[in-house]
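Biologist: I'd like to go through this one with you and ask how each label was earned. Can we start with the annotations?

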Amino acid sequence: MSASQPVDTGLTRSATFLVFSVLRTDSSIQAVRRVLSSVPDIAKNISIRDVNANLTCVVGIGSRVWDSVTRLPRPAELHPFPEVRGAKQTAISTPGDLLFHIRAERRDMCFELERQLIEKLGDAVQLEDETVGFRYFDARDLLGFVDGTANPVGASDVSDAVMISESDDSGAVGGSYVVVQKYLHDLKAWRALSTEQQEAIIGRTKSDNVELDDADDGQQQAHKTLATIEDASGNEYAVLRDNMPFGSPSAGQYGTYFIAYSRHLWVVEKMMERMFLGNPPGLHDRILDFSTPITGSTFFAPSLRSLKALGDE
Ligand code: HEM
């Protein structure tokens, strides 16, 4: 099986999320191909300066430029992020051809990788969004809850959840779909709720992170229930989330950068529909009464070998 990019690094203390559009000229596409193929080497050169800092960078490529940038078969499910228009919030779809998901235990290592990337990409790309995320206490989001608990653990479960196999899509083996959404929170309104009300919205206790029982069918469901996807035979489909808090108290900005890796794009899209439209329809995820998405983009992170080969002529 083809090795994946370092998708399974786990949560680090620091992360930088970069989303770019690619200029549609031959020279820009050529430059981008060269830079993307060299990302594993750039990361290696920086990470050797402190191997304990666990510096990694995953590259995702969007639907619009997939053919021109990769010249590889299209991953079967790859398409732009579909807008989901709910009663309270809309999951908007925003431009994004390239995603760089940079993670490390040290902020300076993320910074350095970003610096070198920006220098090499030059004017072949246009920045759509840069978000710098940080670890908040025991991996809590800015709503105060531990985030990432239900992620798969261990090589086999992680790979089952995120890596495309030969039987899924022979042209995309070793790759993963990646979906990102940048959320801003109304922290004042959230903090006006009681802890019990917040816990009912998330579906876990706040201080010790214990899972609460699901509500009865037809009742308002918690976030963790709406985000649980089962097929008709009762098989559950996990994804790997690496959400990070970001923000600036003096600017009144409090956010969560949502990122999910998945073997099946439909699983993340189904989660989105259940959250924004509600299940049953009309009872949307109450996280959305306090959180507004301001970006939404889908990418495909090809296998390591496919990424490195982009530099070949
Ligand atoms: C669970 C926070 C958006 C998918 C959770 C948990 C928290 C959380 C605190 C419980 C602990 C855990 O298992 O990680 C947030 C915040 C969001 C957000 C603050 C943004 C405002 C999303 C979105 C999706 C999603 C957009 C998918 C489209 C999941 C899944 C789980 C989960 C799959 C695990 C459910 C289970 O228990 O099996 N989230 N989340 N989340 N969230 Fe979110």
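Modeller: UniProt positions follow the numbering used here, feature names are shortened, and an annotation may be inferred rather than shown by experiment. With that in mind, the unreviewed UniProt entry lists "domain: Dyp-type peroxidase C-terminal" at residues 138–304, and its "domain: Dyp-type peroxidase N-terminal" covers residues 9–135. This is a predicted model, where local features need pLDDT of at least 70 and side-chain atom pairs pLDDT 80 or more, while totals for chains, interfaces and linings use all residues. Numbering runs from 1 along each chain as its sequence is written, and side-chain values use heavy atoms, with hydrogens and water left out.

Biologist: What are the two spans made of?

Modeller: Residues 9–135 are 35% helix and 28% strand, with end C-alpha atoms 14 Å apart. Residues 138–304 are 23% helix and 23% strand, and there the end C-alpha atoms lie 31 Å apart. Helices here are DSSP runs of H or I with at least four residues, strands are E runs of at least two, and both are numbered from the N terminus.

Biologist: Which residues come nearest to the ligand?

Modeller: Gly148, Thr149, Ala150, His223 and Arg241, out of 26 around the ligand. A residue gets into that shell if one of its heavy atoms lies within 4 Å of the ligand.

Biologist: What makes Thr149 a polar contact of the ligand?

Modeller: A polar contact is a pair of N or O atoms within 3.5 Å (within protein, one must be able to donate a hydrogen and the other to accept it, and sequence neighbours count only if both atoms are side-chain atoms). A backbone N or O atom of Thr149 is 3.0 Å from a ligand oxygen, so the pair qualifies. Ala150 does it from its backbone too, at 2.9 Å. Thr228 uses a side-chain N or O atom, 3.4 Å from a ligand oxygen, so that pair also falls within the cut-off.

Biologist: Which element gives the most to the shell around the ligand?

Modeller: H8, with four residues.

Biologist: Why is the ligand's space called a pocket and not a cavity?

Modeller: On a 1 Å grid over the protein atoms alone, a cavity is a set of points where a 1.4 Å probe fits but cannot get out, whereas a pocket is an open set with protein on both sides within 12 Å along at least five of seven lines. The ligand takes up the largest pocket, so its space belongs to an open set. A molecule sits there if more than half of its atoms lie within 2 Å of the grid points.

Biologist: What is the volume of the largest pocket?

Modeller: About 880 Å³; a volume is the space filled by probe spheres on grid points joined across faces, edges and corners. It has 39 lining residues, with Ala150, His223, Lys224, Ala227 and Arg241 closest to the centre. Lining means an atom within 4 Å of a point.

Biologist: How many cavities of 30 Å³ or more are there?

Modeller: One, with about 80 Å³ of space in the largest cavity. Leu11, Arg135, Tyr136 and Asp147 are among the residues that line it.

Biologist: Where does the largest share of the second largest pocket's lining come from?

Modeller: Helix H6 (residues 195–202), with four residues. That pocket holds about 190 Å³, and Glu199, Ala200, Ile201, Gln220 and Ala222 are the closest to its centre.
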